[in-house]
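Visitor: Please show me the structure before we begin. I should then like to put several questions to you about its architecture and its side-chain environments.

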Amino acid sequence: MIKVLKFIPLWKSAVYVLVAVLLTGITACILTFAILYLEKQSSRFSDLIELIASFGRAPFIIGLCLLVFPYLFLFFHYERQKYGEYLLANMINEIHYIAEGHFTQKISIEGNGIIGELGAKVNQIITQAEKAIADQKDSAQIKNELITNVAHDLRSPLTSIVGYLDLIDEDRYKSEVELRYYIQIIHQKSKDLHRLMNDLFEYTLVQNKESLVDEIPIDIEEMLNQLAIQYQFQIREAGMEMRQYPLPVKKPIVMGDGNKLARVFENLIQNAIRYGREGRYIDITLSESNGVLEIEIANYGQAIPSFDLPYIFERFYRVEKSRSHQTGGSGLGLAIVKSIVELHGGHIAAESSAGRTAFTVKLPRRA
């Protein structure tokens with residue numbers, strides 16, 4: 001109401017009041033003639049008029065007020081309709097402005113009625129459009145970064161393979177031993193390429209949220225026990241020992257894809273073997289908190305530098321690039337792990353200090 005009253009010019013408000021007073025006067029005159037007529041025709045009505053007149057001027061003033069308000073209300077209703085048309089016209093102009101490409105502009109919402117609700121819905125659509133545009137830009141940037149990183153990682157082994165193949169093709173080797181050495185290098189570089197392409201394919205696959213199709217009950221403790229047996233030879237070869245600390249968690253079941261979850265813990269165990277040899281032990285702890293299963297895999301090798309820790313789950317990020325190339329890392333392993341965990345509605349975090357590095361995977365337990 002206040003906004004409508006502010007919308008009406010002062011001079012028009014004065015005109016409406018004067019017209020309402022004039023119409024009230026005309027109505028009062030008509031009613032007066034009608035009352036006088038009825039007073040002559042009915043004695044009871046005459047008694048009623050005398051009774052009302054005994055209260056003085058108060059009934060007359062109240063009557064005039066009751067007459068003037070309907071007229072003022074009609075004028076107010078008319079102006080409220082005009083105010084709604086004004087808001088709608090402004091909204092249409094703003095929508096035209098937004099449609100020209102100014103997607104950061106929002107509709108100015110005035111009023112709490114249907115027009116206000118319409119403005120809020122339009123703003124909601126604009127916000128969703130902004131998010132879609134931002135997501136599209138991010139997707140394009142990710143795609144460009146992915147292509148750049150893949151091209152960079154492919155260039156080095158391919159250059160080596162082509163170089164050594166040229167040496168062999170041109171018979172530029174001194175002996176059979178040197179030839180076999182060149183072939184071994186080519187073979188190793190080819191395996192690195194194969195591993196990179198497999199990791200790249202898997203990373204692309206797990207980015208699709210619809211790729212989690214085989215949701216079945218999985219006993220996490222049983223899976224960890226199977227992996228411990230599977231990697232016991234590699235752990236022994238590395239001069240390490242795996243220690244498991246399963247806490248009394250009854251039926252640690254999660255819903256998900258067994259193969260994908262196994263890939264998570266395989267990657268974390270392999271990293272612990274690869275980078276934790278100095279510490280000898282790999283500790284796996286299973287616990288539960290508020291309906292969430294927590295699996296911690298810790299090693300006691302060299303710590304991850306604090307400035308690298310926030311970025312280790314990013315694509316192609318390597319803490320030590322030279323060491324990663326030597327060990328055959330593609331820089332996609334932890335990014336794949338993070339994507340799989342998030343596909344299952346979980347979360348993964350890492351902490352590292354002098355002498356201890358731990359990865360904690362949190363997965364919602366089946367109710």
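The exchange below concerns a predicted model.

Visitor: How many helices and strands does the protein have?
Guide: The coordinates come from a predicted model. In the protein, which has 367 residues, the secondary structure comprises 11 helices and 7 strands.

Visitor: What percentage of the contacts with a separation of 6 or more is due to residues 24 or more positions apart?
Guide: The contacts in question have a separation of 6 or more, and the share asked for is that of residues 24 or more positions apart. That share is 69%.

Visitor: What part of the exposed area do carbon and sulfur atoms supply?
Guide: Of the residues of the protein, 32% count as buried. The protein exposes about 23,600 Å². The part of this area supplied by carbon and sulfur atoms is 59%.

Visitor: Which element gives the largest share of the largest nonpolar core?
Guide: In soluble globular proteins, nonpolar side chains tend to be buried together. Here the largest nonpolar core has 47 residues, and Ile220, Phe265 and Ile295 touch the most other members. Elements that give two or more residues to this core include α6 (176–206), α7 (220–230), β4 (281–289) and β5 (292–299). The largest share, 8 residues, comes from α9.

Visitor: Which residues does isoleucine 220 touch, not counting those up to four places away in sequence?
Guide: Ile220 is among the three residues that touch the most other members of the core. Two of its partners, Phe265 and Ile295, are named with it in that respect. The full set is Pro252, Val254, Leu261, Phe265, Leu286, Leu293, Ile295 and Leu363.

Visitor: Is asparagine 267 buried or exposed?
Guide: Asparagine 267 is placed in helix α9. Leaving aside neighbours within four places in sequence, asparagine 267 is in contact with Gly333, Leu334 and Val337. Its relative accessible area is 7%, and the cut-off for burial is under 20%, so asparagine 267 is buried.

Visitor: Which backbone nitrogen lies 3.0 Å from a polar atom of the side chain of histidine 344?
Guide: Histidine 344 is found in the loop between α11 and β6 (347–353). At 9% relative accessibility, histidine 344 counts as buried. The backbone nitrogen at 3.0 Å from a polar atom of its side chain belongs to aspartate 257.

Visitor: How are the rings of tyrosine 181 and tyrosine 182 arranged?
Guide: The structure holds 3 aromatic pairs. For tyrosine 181 and tyrosine 182, the ring centres are 6.2 Å apart and the planes stand at 50°, so the pair is tilted.

Visitor: Which residues form the cluster linked by ring pairs?
Guide: Tyrosine 181 is partly exposed at 48% relative accessibility, whereas tyrosine 182 is buried at 10%. Ring pairs link these two residues with one further tyrosine, and the cluster is Tyr164, Tyr181 and Tyr182.

Visitor: How many residues apart in sequence are the parts that phenylalanine 313 and phenylalanine 359 tie together?
Guide: The two rings have their centres 6.2 Å apart and their planes at 90°, so this pair is edge-to-face. Phenylalanine 313 is buried at 15% relative accessibility, and phenylalanine 359 is buried at 7%. Because phenylalanine 313 lies in the loop between β5 and α10 (321–326) and phenylalanine 359 in strand β7, the separation of the parts in sequence is 46 residues.

Visitor: What is the phi of asparagine 290?
Guide: Asparagine 290 is placed in the loop between β4 and β5. With a relative accessible area of 78%, asparagine 290 is exposed. Its phi is positive in a residue other than glycine, with a value near 55°.

Visitor: What is the phi of arginine 280?
Guide: Arginine 280 is found in the loop between α9 and β4. Its relative accessible area is 44%, so arginine 280 is partly exposed. Its phi is a positive value in a residue other than glycine, near 75°.

Visitor: At what distance from the ring centre of tyrosine 281 does arginine 243 lie?
Guide: Arginine 243 lies over the face of tyrosine 281. The distance from the ring centre is 3.9 Å.

Visitor: How far apart in space are threonine 104 and isoleucine 126?
Guide: Threonine 104 lies in the loop between α4 (58–99) and α5 (114–169), and is exposed with a relative accessible area of 71%. Threonine 104 and isoleucine 126 are 22 residues apart in sequence. In space, C-alpha to C-alpha, their separation is 7.9 Å.

Note on methods: Residues numbered from 1 in each chain as written. Predicted model: local features only at pLDDT ≥ 70, side-chain atom pairs only at ≥ 80, totals over all residues. Heavy atoms only, no water. Core = buried A, V, L, I, M, F, W, Y, C linked by side-chain atoms within 4.5 Å. Buried < 20%, exposed > 50% of the residue type's maximum accessible area, 1.4 Å probe, protein only. Helix = DSSP H or I, 4+ residues; strand = E, 2+ residues; numbered from the N terminus. Contact = heavy atoms within 4.5 Å. Polar contact = N/O pair within 3.5 Å; in protein donor to acceptor, adjacent residues only side chain to side chain. Phe/Tyr/Trp six-rings, centres within 6.5 Å; stacked < 30°, edge-to-face > 60°. Lys NZ or Arg CZ within 6 Å of the ring centre and 35° of its normal. Areas by Shrake-Rupley, 256 points an atom, 1.4 Å probe, with all protein chains shown as cover.
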